[in-house]
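Reader: I'm new to this one, and I'd rather see a single part properly than rush through everything. Please take me slowly through one interface between two chains, then tell me what sits around it.

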Number of protein chains: 6
Amino acid sequence: MDISARNNLKGRIKNLKKNDISAEVILDVGGQEMCASVTADSVNRLGLKVGDEVSALVKASSVIIGK
Amino acid sequence: MDISARNNLKGRIKNLKKNDISAEVILDVGGQEMCASVTADSVNRLGLKVGDEVSALVKASSVIIGK
Amino acid sequence: MDISARNNLKGRIKNLKKNDISAEVILDVGGQEMCASVTADSVNRLGLKVGDEVSALVKASSVIIGK
Amino acid sequence: MDISARNNLKGRIKNLKKNDISAEVILDVGGQEMCASVTADSVNRLGLKVGDEVSALVKASSVIIGK
Amino acid sequence: MDISARNNLKGRIKNLKKNDISAEVILDVGGQEMCASVTADSVNRLGLKVGDEVSALVKASSVIIGK
Amino acid sequence: MDISARNNLKGRIKNLKKNDISAEVILDVGGQEMCASVTADSVNRLGLKVGDEVSALVKASSVIIGK
């Protein structure tokens with residue numbers, strides 16, 4: 001499946017934490033750190049673990065420019 | 001001002017286009033491309049132009065993980 | 001690629017309109033109408049056209065409940 | 001109140017879980033499953049429970065197209 | 001209809017502009033300015049015009065704190 | 001840093017709650033209440049506490065108009 005989201009950044013999972021509902025996934029993306037808040041169920045369903053090569057997908061309308 | 005958004009990626013503007021309402025800002029972020037949809041007014045107010053060093057700010061709840 | 005977004009609704013494109021920057025994609029999803037605002041570039045890149053079977057992907061944190 | 005959000009999908013609550021801060025609401029929408037991440041306070045305030053007929057409201061700018 | 005979105009700010013429309021697809025609605029909210037990017041179709045459907053008393057609805061997960 | 005987000009509402013923190021992952025920040029904005037869902041880590045990193053003068057930042061594309 002190809003998707004309309006314009007941002008697809010390749011990275012690696014550095015850290016993961018979750019409780020019964022929420023999870024936080026910390027990525028290394030070319031030396032910069034990214035953080036994704038997803039549901040704990042998504043972490044379980046995708047079987048995410050530290051070291052996995054993943055994509056950080058972001059819709060262009062969710063990006064703010066700071067200068 | 002420091003902000004709660006967990007993603008702050010450093011990049012450089014590669015391309016910019018806008019009409020009377022909407023604008024699209026294309027960034028180079030460590031060799032990966034990013035795209036931000038912002039209002040034309042924001043591009044004008046910040047004086048954005050190709051070559052500017054900027055930040056791409058994204059709230060963690062807007063990041064989807066693909067694997 | 002499997003993604004963390006929890007909503008993946010199957011539908012068919014009923015209508016499409018775009019200008020130089022922005023586009024609007026109207027879907028039929030099991031008899032209910034959905035609308036996606038995406039960039040014109042995404043419509044072009046995916047080659048979207050009326051009649052296409054597509055998925056409407058939405059992160060759970062973007063869904064509001066009305067009662 | 002009528003709202004500008006372009007997506008208003010009618011569904012029924014199939015499952016609900018929450019902790020002290022976060023909640024997850026699982027809906028059946030015409031045979032397809034949807035998931036909404038909302039605050040536990042919203043679940044309490046709206047008195048949401050399994051079986052309720054509700055609407056899943058999504059702004060068009062939050063919808064990604066997959067093909 | 002009551003909704004789960006935790007932010008419901010009362011304001012008045014100060015300015016409106018739109019093209020064939022996109023629109024921008026500028027509000028006065030207790031002396032502070034707000035801006036909403038919505039589709040031109042939503043402006044037409046709701047019949048929005050300068051002077052209207054409206055609500056600016058925002059999901060809590062879309063709010064960033066700056067300090 | 002100046003940012004492209006069009007909404008920057010000045011307020012004061014009235015209440016705060018968090019668990020190990022998620023947090024909720026309740027603000028008073030000119031007499032109206034706002035709520036931000038952020039990560040617990042952001043609350044810790046910014047040192048947020050009741051009484052702080054802060055900004056509620058919202059991208060225009062995240063605002064829904066209700067009438």
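Author: Let's start with how copies get compared: they are superposed by least squares on the C-alpha atoms of residues with pLDDT of at least 70 in both. Done that way, chain B lands on chain A after a rotation of 180° with 0.0 Å of shift along the axis, and the RMSD is 0.0 Å. Both copies use the same surface: 100% of the contact residues of chain B turn up again in chain A, where contact means heavy atoms within 4.5 Å.

A bit of bookkeeping before going on. This is a predicted model, in which local features need pLDDT of at least 70 and side-chain atom pairs count only at pLDDT 80 or more, while totals for chains, interfaces and linings use all residues. Residues are numbered from 1 along each chain as its sequence is written, chains are lettered from A and ligands numbered from 1 in the order in which they are written, and side-chain values use heavy atoms, with hydrogens and water left out.

Now get your bearings in chain A. It has 1 helix and 5 strands, helices (H or I, at least four residues) and strands (E, at least two) being DSSP runs numbered from the N terminus. Reading from the N terminus, the order is β-β-β-α-β-β. The C-alpha trace of chain A spans about 35 × 25 × 25 Å along its principal axes.

So much for one chain; here is the interface. On it, 35 residues of chain B are in contact with 35 residues of chain A. Together the two chains bury about 3,000 Å², 56% of it from carbon and sulfur atoms; buried area is the accessible area (1.4 Å probe) that two parts lose on being put together, summed over both. Look for Gln32(B), Ile65(B) and Lys67(B): these supply 23% of the area that chain B buries against chain A, more than any other three residues.

Next come the charged pairs. The interface of chain B and chain A holds 4 salt bridges, each a side-chain nitrogen of Lys or Arg within 4 Å of a carboxyl oxygen of Asp or Glu. Lys67(A) makes a salt bridge with Asp52(B), with the closest N and O atoms 3.3 Å apart. Glu24(A) makes one with Arg6(B), and there the closest N and O atoms are 3.2 Å apart. That pair crosses from strand 2 (residues 22-29) of chain A, home of Glu24(A), to the segment before strand 1 of chain B, where Arg6(B) sits. Over all chains, the salt bridge count comes to 42.

Polar contacts add to the picture: 18 residue pairs make them between chain B and chain A, both residues at pLDDT 80 or more. The rule asks for a pair of N or O atoms within 3.5 Å; within protein, one must be able to donate a hydrogen and the other to accept it, and residues adjacent in sequence count only if both atoms are side-chain atoms.

Which strands of chain B supply at least two residues each of the side that touches chain A? They are strand 1 (7-18), strand 2 (22-29), strand 3 (32-39), strand 4 (53-58) and strand 5 (64-66). Strand 3 of chain B gives the largest share, 7 residues. By class, this side of chain B has 19 nonpolar, 9 polar and 7 charged residues; Ala, Val, Leu, Ile, Met, Phe, Trp, Tyr, Cys and Pro count as nonpolar, Asp, Glu, Lys and Arg as charged, and the others, Gly among them, as polar.

The strands join up across the chains, too. Strand 4 (residues 53-58) of chain A pairs with strand 5 of chain B in the antiparallel sense over 3 bridges; two strands pair if DSSP finds at least two bridges between them. Within this pairing, Leu57(A) stands opposite Ile64(B).

Finally, a glance at chains C and D. A rotation of 180° with 0.0 Å of shift along its axis puts chain D on chain C, with RMSD 0.0 Å. That is how a two-fold axis relates its copies. Chain D has 35 residues in contact with 35 residues of chain C, and these two chains bury about 3,000 Å² between them. Asp52(D) forms a salt bridge with Lys67(C), their closest N and O atoms 3.3 Å apart. Strand 5 (residues 64-66) of chain C pairs with strand 4 of chain D, antiparallel over 3 bridges, and Ile65(C) has Ala56(D) as its bridge partner there.
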